[in-house]
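Me: Please take a close look at a single part of this model, the open sheet, and describe how its strands pair and what packs on it.

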Amino acid sequence: MSTADLFFVSVALTCDANTSAEAVGASVRSVLAQTLAGTEAALLGEPSEAVAALAAEHPHRVRIGPPRGTYVIPLAPGELLDRNAARNLHAAAVSTDADLVAGRWSRLTGKGRKEAVPAWQADLFARSRVLTDVGQAPELVTRDTLGAGLCVRRSKLDFTADGLELALGAERIALVPNLITTRRAAPDPLRDLPAAAAAQRRAAALLDDPAMRRAAREAFLADHVLPAVHALPGLGHEACATAVAELARTVAGLVDDTDLAGLPPLERVAVRLLADGDADGVRRAAYALAHPGTVVCPLVHREGRVYWGPDHTTAVYDLTELGHQYRTPAEQRLLGRVTGCRREQGRLVVEGETALPFDASAYEKTTASLVFKVRDAGDTTVTLPVAEVRVERHTLVWRARLPLTDGLRPRGIGDRVWDPTLRLVVDGEPAPPCDLFADEETVPGQSGALPGKPRLTRLTADTWQPYVTAKHHLAVTLLPRRKAARKANAAAHYLANFRPARVLKGIAKKLRKRRDVLHSQRFKLRVYRGLLSRLPARRGSIVFESHMGKCYGDSPRALYEELRARRARVHATWSYASSPQGFPADAKLVRRWSWPYLWALARAEWWVDNQGFPHALNKPGHTTYLQTWHGSAYKRMGYDEIRHKMQNAPQRTQLARAIDRFDHFLVRSEHDVGTLAHAYRIPEERLLRAGYPRNDRLVEARLRDEREGRFPRPALAGELGIPDHKTVVLYAPTFRGTPRNKKARLALDVREFAERFGDTHVLLVRAHYMETATLPATPPGTVIDVSAHHDVSEIQCLADVLITDYSSIMFDFALLDRPIVHFAPDLDTYAAERGSYFDLRSCSGGPVVETQEELLQTLAGLKKSDGEWQQARREFAAKFGAYDDGRSARTVVDQLFSDRLGRKDRTR
């Protein structure tokens, strides 16, 4: 057997005389640590003497010369291989007979040691698969996928070729979900763009498929051009102008307006300005991208559309989607640009300009001031006037002469850095604060310094100096410049750092660590299990919790209010997750996972919640747990879910223990018995067929509608500013995210809804309580986000129509006997992947639509067509809410809490 046959995999590192020996050494050590024994490191090029010494240390595994293995892994100096990388790649290559095998890689995120895997790799490498055509996985050639984390068959492919050529030259490609390469260099957008542009030109020449060419162009814009745009504000004015001119030449011919059409408005404008070489414009656009909602240029309004500026009124510069046209002048967030900063007659003179959107004459009666706020030391502010304010065309020009010496009097210790913002008052209405964007060329250094008068004497510091922050905002700092202040600061530094002080600091650090341990969840669990849960119960104490402490609502609220109305002798405690705002003032409030929370749970006679108290907390023997639950089930739940069936034994055991704590479980129909009770293995004797107390409000509202009609509307309508003539549509989609991704993606285009129905309807958007939704700007009064409202039952009583997909809210809203529309674009896919308990199309209480246009047409004709659905809706409500009779709260209280009621109150 030859020496070459001993090696299955060679790792090729190309280096020259300037390559860091430390970087190469780290890469070589990762090769030597591979679990696949037949792995060698091949050093190519002209390595330095220090690098050559590495080969001498391991002559059998490290060599200077071409690779000898059957497969080759290209590796850049400094990059590291996962210890199983060679084994995973080689195994996949042998089992699939692939010419190229690729897996995931991670790169540094900045100057530190943190790494991240690009998000687009998640779908590409979700599972092992074999490709015979790159069209089966376009990301291989449209993104920088094959820049690392791959191996190639040495006899078939040139491992020195770029990723595109390798992918096109391979007959079979295997993808594996394993992490292969780590510590790729952090991206430098401005430095990397020329190479990316060259690669994009090669892709345009080599790819035959028009769709793949377009995907490559779009990926080039997203992965390389836009990051370069984001990096531009960090450059000074002159450096930015030079960089933009160079970048414009680099991307010449690679930016097409048809590709830009798919980008969000500001990104589209920024890329177009960069391609055109407009340094000032692209810098403004980059700032707007980093500060959403900020007006950075003189927007113009023409023929119902909003454009970047008077000279940019083509479709590519259309910013209508941003919604600036819906804000009054006093509501616009503007950008203050510092055009001059200098010392003049003992004052700091700051000059600036602010671009005005639309009609500049609306800002004629504008006054201004500069508000200085101390950084990282509380909310202390000092306001200094701006003497000169005038409007010139589309710009507000202002000039302030700031008496920093006498006007800004900090203590001198702990409050030395101050950030100014421009505050405008437009026609008597205060506008949002304007950040002051500045360049180092504009703000002088020591030449702009002014004397300072701190309240703790000038021994603390004595000089104000303006400067530009890392985010290119104007700031002023108080420095010790004179001899006395320098000596005083040096003495203070010595006192804070000589040995006794260092010892005290060490003690303080240990005490802080001890304090952190005492407040850690692990320690709290030990104390709770070993001590608190053994304490005796407090008679009549009940801990209420709704949606893991996120709101004061649902059935726990209904039961609490029933107990209070009947003057029950109970001690109520409510838990909250982050803020106590909106919770009842007459109840004891405890923060979730705090010591008072654990104390209350340990001594409670009753636990009442609708989601689940923390799984790690065992229920004391003296406690009775009432689980009211949070909705009937359409999608499969609990042990019926596929993901639960795939969990390991400890995870299934944890769920079983959490469920076993339930002493009573509310159901609202036999459907719940066959689905939820079965899915969570809840015994018959623990089921309480009493309905959901939260739905008493809905039943009462339906009966009131039948007696008195829909008007007057609930008080909530007035709080939200909804006029009586508008139809209220509630959009409440189901939870689609994960614990790691809580950003809701709304299937409904709320902007189109506002355009079509804004005059006659108002849309209330209620995101799932485990998600957040970002709504686009729409005309005032057309779309309202009610996700933060505590009790969804109050919102349902206000709504005339419900739009949902698979959310359990459909079962509740049906009790109101008002129209329901199911907007389910992915119904078949969702039912197949998540699983469902019934066919929504055949059992629903309202129309099921799959496209936006179908939905809007259904809403437009709802008055005429709703009669066709009344009978189905009532049957739907009767089937899924059989026990919701409007007396659920009273029934539950009578059955479970009667011993806490007085004789008179038991019969109420």
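Reply: Two strands are said to pair if DSSP finds at least two bridges between them, and strands (E, at least two residues) and helices (H or I, at least four residues) are DSSP runs, numbered from the N terminus. The model is predicted, so local features need pLDDT of at least 70, side-chain atom pairs count only at pLDDT 80 or more, and totals for chains, interfaces and linings use all residues. Residues are numbered from 1 along each chain as its sequence is written, and side-chain values use heavy atoms, with hydrogens and water left out.

The open sheet is formed by 7 strands in the order β29-β28-β27-β30-β31-β32-β33, and their pairing is parallel. At its edges stand β29 (588-591) and β33 (687-689), each with a single partner strand, so that one side of each is left without a neighbour in the sheet. From one strand to the next, the twist averages 25 degrees, where angles run from 0 to 180 degrees between N-to-C directions and axes are lines fitted to C-alpha atoms, for helices over the stretch in contact.

At the β29 edge, strand β28 (residues 571-576) pairs with β29 in the parallel sense over 4 bridges, and Trp-574 has Leu-589 in β29 as its bridge partner.

Helix α17 (residues 554-565) packs on the sheet, touching β27 (541-545), β28, β30 (606-609) and β31 (624-627), where contact means heavy atoms within 4.5 Å; the direction of α17 makes about 145 degrees with that of β27. Helix α18 (residues 595-603) also packs on the sheet, where α18 touches β27, β28, β29 and β30, and its direction makes about 125 degrees with that of β27.
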